Amino acid sequence: MQETTPAPRNPTVSEKLRRLIISQEGVLFLIMLASVLFLATRTDKFLTVDNLLQQGRFMTEIGLIAIPMTYIIITGGIDLSVGSILGLAAIVLGWTWQELGFPLELAIITAIISGTVAGFVNGLFIVRVGVPPLIMTLATLALYRGLAEGISEARSARGYPEWFFQLGQGEFLGIPTQLWLLIFAVIIFGIVLARTRLGRALYAIGNNETGARFSGLTVNRHLLFIYTFSGFMSAVAGYIFVSRVSTTRSDMGTGMELDVIAAVVLGGTSIFGGAGSVPGTIIGVVLIQLLKNGLVLAGVTSDATIVVIGSVLIFAILVNNFIQSRRGEG
Amino acid sequence: MTDALLELRGIDKRFPGVRALKDAQFDVRPGEVHALIGENGAGKSTLIKIVSGVYQPDSGEIMLDGAQVEFGNPRESHSAGIATIYQELGLYPELSVAENIFMGHAPTRKRLGFNTIDWEAMEAEAEALLAELNIHNLDVGAMVGTLNVGNRQRVEIAKALSLDARILIMDEPTAALTESDVEQLFSIVRLLRERGVSIIYISHRLNEVFELADRVTVLRDGEYIGTKNVAETDEAELISMMVGRTIKNLFPKQAAHIGEVVLEARKLNRPPLTRDISFSVRAGEIVGLAGLVGSGRSETAQVIFGVLPAESGEIRLNGQAVRITRPSEAVDYGIGYVPEDRGHQGLIREMTIRENTSMAVLESVSSRSFISRAKERALANGAIRQLSIRATGPDQIANKLSGGNQQKVVVSKWLASSPKLLIMDEPTRGIDVGAKAEIHRLMSRLAAQDGLAILMISSELPEILAMSDRILVMREGRLVGEFTREEATQENIAHAMMSEEARQAAGAAL
């Protein structure tokens with residue numbers, strides 16, 4: 001503890017570097033680096049440009065949804081319905097195109113609007129009726145999935161035109177198309193969270209909702225927005241999903257909410273709210289995806305892979321807790 | 001202090017940022033009802049938590065039966081025969097009355113070589129215990145969750161007796177009870193007293209003190225004010241003990257030029273604690289709002305600030321009728337509110353001074369919704385200098401500051417928004433004398449130099465008297481008195497705060 005007030009001065013470069021390395025994100029990044037190096041020694045198919053780009057393709061959907069999930073968890077909330085919204089949006093896309101005869105462009109827009117509305121409904125009940133987010137989105141987890149199944153009647157839509165696959169299977173400047181989308185989203189929404197009034201309000205709400213309200217922040221409006229945003233991003237991810245796998249089925253995105261939440265929490269966002277960042281989340285997403293892929297390539301069975309991933313999650317969180325608590329004392 | 005069963009002497013207890021108790025004392029004799037009273041934050045709860053072993057005092061001693069004891073945890077206090085009945089009852093709603101009473105010490109009997117609960121004995125003993133308390137209409141097999149609050153409280157009392165409690169602590173026991181439940185509670189309390197159980201009775205309802213207690217001890221701001229025999233005191237004396245501190249180093253208020261009407265409230269209604277409230281505050285004026293706890297002062301402030309929007313009535317700001325339905329609207333209209341509960345409502349304690357001071361003015365420190373750290377830091381540094389906040393810098397976490405400095409951060413948040421009207425709810429509660437004087441000086445300067453209209457709620461009459469140009473008094477959700485600075489005295493304000501019955505009693509005595 002410093003008792004006297006030191007003159008304000010700018011930290012030196014080495015201090016900044018030190019601070020970055022022992023930050024939550026820094027520690028996680030080092031763990032990711034170590035995992036990558038380890039996996040590279042197990043198999044030579046892992047650390048190749050092609051494979052890594054391919055993994056970027058696979059993780060885009062989870063990454064896109066993890067951004068609004070980070071926002072929501074920072075406010076102390078949760079959204080369990082993201083996987084179902086993804087499935088609903090996918091089904092709406094296929095159904096409006098194939099059954100209702102919408103032009104495909106309009107079908108895509110309709111799908112994204114449906115997902116957005118689904119998120120808005122979550123937010124409306126959470127804010128206006130006061131249903132706890134866990135309960136509300138647990139209910140819509142079932143409800144939206146049910147809707148998707150009802151609409152699809154167990155039929156799958158396929159036979160999309162060639163241009164439709166550009167987003168999910170194509171490349172732009174040698175990088176999978178959807179990965180560009182994820183990169184832009186991470187940069188933009190990372191800055192929004194870290195630098196704008198919206199981001200500040202989310203941290204304030206997560207730390208002390210009453211205090212935020214008593215400071216004149218429009219708490220309800222912010223909460224409504226982030227749940228709507230979550231629905232929107234889930235629907236966009238749904239569109240990418242359909243484009244990537246060329247077909248539409250009503251069970252798409254089942255269980256995805258847990259992968260997303262795992263990545264967000266691994267990335268250092270506090271499940272109690274008030275702390276977290278988009279860069280942390282994206283490192284969490286990448287780490288989980290690389291572990292999954294690398295272990296499979298190294299010939300580990302899929303059951304064992306899950307066990308290893310679980311163990312790494314626990315290890316990463318323990319190491320981080322240890323370092324962050326030491327930092328608090330120092 | 002010869003015949004005390006339990007005696008506390010020189011008790012000190014500090015929490016980060018607050019000194020909850022300083023040199024407090026308290027004693028209870030066998031078979032007496034000893035009331036403990038004081039305003040919110042006076043230290044009553046801290047004191048009983050020390051008696052019940054939840055907190056350990058920083059210094060001071062606890063004597064039980066004349067021998068010094070230490071309660072390291074609630075269990076040790078329990079086994080010494082002290083039981084507490086809290087405001088939030090500690091029962092298991094899914095279990096029966098009998099199970100709750102005997103939780104942890106159920107009668108057992110051997111069956112097949114195992115100790116098993118003897119259900120018949122348990123129910124019989126539970127019935128016997130309740131019968132001792134003159135409770136005959138309570139089924140010991142009923143689930144506690146299905147009982148009303150009054151019955152749950154009786155179960156809790158029976159539980160304490162099943163543990164052979166010699167001292168029973170009751171924390172605001174009537175707060176949630178209906179009238180008939182209150183009467184039954186009183187008769188139980190009298191019954192217990194006859195059986196020699198000592199009762200520490202915490203309340204801020206003075207009529208209960210007069211009805212039940214033998215002696216009464218008053219705490220204020222963590223300090224022991226005095227103990228009286230109930231038969232030898234009256235409501236007026238207790239009120240003046242609770243609120244009538246003479247503050248040393250009280251800052252003399254500067255004379256201010258009183259200008260136009262800034263706030264005008266017309267027949268504001270939001271029952272039960274805001275009824276038909278009409279008043280005004282002018283530029284440069286400090287209006288003091290006095291009243292006992294629960295008289296509706298904070299609620300009225302929160303009606304104006306939009307936390308509890310008015311159901312009817314009109315708020316006019318600078319002559320303009322406005323509708324305020326949420327705090328953000330109040331802030332837009334130029335109202336600031338320094339709330340009573342600093343840690344929960346006033347500050348976001350986990351965040352930095354910088355982030356707290358800019359919280360209400362994020363718009364003005366950002367361009368196109370991007371927050372400028374430089375502008376924020378300048379704002380926070382300005383606040384630190386202007387209010388002499390003792391901190392390591394603008395990026396210090398608010399929670400690490402002392403209570404007085406935390407309060408200054410809350411005030412600086414609202415000053416940054418350059419409000420026309422500042423509502424300050426207990427602006428100096430729980431902060432040390434030095435910081436108190438600084439806040440008073442600041443309020444005085446804001447009114448005199450900047451022409452700010454200030455509505456100040458306070459439970460300390462000397463503070464009200466010293467700081468206010470005009471004084472309003474509330475009781476039971478209504479405005480019941482208005483005094484100019486010249487005509488106000490401790491006596492006439494305290495008199496206005498009192499209940500109707502108490503006033504009649506006081507009148508008859510004259």
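Visitor: How many helices and strands are there in chain B?
Guide: Chain B has 18 helices and 24 strands. Keep in mind that this is a predicted model.

Visitor: What makes chain B as compact as a globular protein of its length?
Guide: Its radius of gyration is 26 Å, and the globule rule gives 24 Å for 510 residues; those two are close, so chain B counts as that compact. Along the principal axes, the C-alpha atoms fill a box of roughly 80 × 60 × 45 Å. Buried residues make up 48% of the chain.

Visitor: And chain A, what does the same rule give there?
Guide: For 330 residues, a compact globule would have a radius of gyration near 20 Å, and chain A has 21 Å, which agrees. Chain A has 14 helices and two strands. Its C-alpha box is roughly 75 × 55 × 35 Å, and 47% of its residues are buried.

Visitor: Which domains does chain B have?
Guide: The domain assignment gives domain 1 (6-243), domain 2 (257-334 + 419-510) and domain 3 (345-417). The C-alpha centres of domain 1 and domain 3 of chain B lie 42 Å apart.

Visitor: Let's look at strands. Why is β21 of chain B called mostly covered?
Guide: A residue needs 20 or more other C-beta atoms within 10 Å to be called buried. In β21(B), residues 421-425, five of five residues are buried. Both faces are covered, with B:L421, B:I423 and B:D425 on one side and B:L422 and B:M424 on the other.

Visitor: How do you know that β21(B) pairs with β18 of chain B?
Guide: Pairing takes at least two bridges, and β18 (residues 335-338) and β21(B) have four, in the parallel sense. Across that pairing, B:G336 stands opposite B:L422. With β22 of chain B (residues 453-457), β21(B) has five bridges, again parallel. There B:L421 stands opposite B:A453.

Visitor: What is the order of strands in the sheet that holds β21(B)?
Guide: Six strands form an open sheet, in the order β18-β21-β22-β15-β23-β24 of chain B, with mixed pairing.

Visitor: Why are β18 and β24 of chain B said to stand at the edges?
Guide: Each has a single partner strand, so one side of each is left without a neighbour in the sheet. Neighbouring strands are turned by 20 degrees against each other on average, direction ignored.

Visitor: In which sense do β23 and β24 of chain B pair?
Guide: β23 (residues 470-475) and β24(B) pair in the antiparallel sense, over six bridges. B:V473 stands opposite B:G481 in β24(B). Helix α17 of chain B (residues 490-497) lies across β15, β23 and β24 of chain B, at about 30 degrees to β23(B).

Visitor: What makes β14 and β17 of chain B edge strands?
Guide: They belong to an open sheet of four strands, β14-β13-β16-β17 of chain B, with antiparallel pairing. The edge strands β14 (274-282) and β17 (320-322) each pair on one side only. The twist in this sheet averages 20 degrees from one strand to the next.

Visitor: How many bridges join β13 and β14 of chain B?
Guide: Six, in the antiparallel sense. One residue to find is B:R270, whose bridge partner in β14(B) is B:T274. Helix α9 of chain B (residues 297-305) packs on this sheet, touching β13, β14 and β16 of chain B, and its direction makes about 70 degrees with that of β14(B).

Visitor: Back to chain A. Why is A:F102 called partly exposed?
Guide: Buried starts at 20 neighbours and exposed ends at 12. A:F102 has 18 C-beta neighbours inside 10 Å, so it counts as partly exposed. You'll find A:F102 in the loop between α4 (82-98) and α5 (104-129) of chain A. Leaving out residues up to four places away in sequence, A:F102 touches A:T96, A:W97, A:A107 and A:T110.

Visitor: How many residues does each chain bring to the contact between A and B?
Guide: Chain A brings 21 residues and chain B brings 23. On the chain A side, α9 (197-207) and α10 (209-214) each supply at least two residues. The chain A side divides into six nonpolar, 11 polar and four charged residues.

Note on methods
Residues are numbered from 1 along each chain as its sequence is written. Chains are lettered from A and ligands numbered from 1 in the order in which they are written. This is a predicted model: local features need pLDDT of at least 70, side-chain atom pairs count only at pLDDT 80 or more; totals for chains, interfaces and linings use all residues. Domain bounds come from an automatic or database domain assignment. Two residues are in contact if their C-beta atoms, placed from the backbone, lie within 7 Å. Ala, Val, Leu, Ile, Met, Phe, Trp, Tyr, Cys and Pro count as nonpolar, Asp, Glu, Lys and Arg as charged, and the others, Gly among them, as polar. The radius of gyration is taken over C-alpha atoms; the globule rule is 2.2 Å times the number of residues to the power 0.38. Axes are lines fitted to C-alpha atoms, for helices over the stretch in contact, and angles run from 0 to 180 degrees between N-to-C directions.
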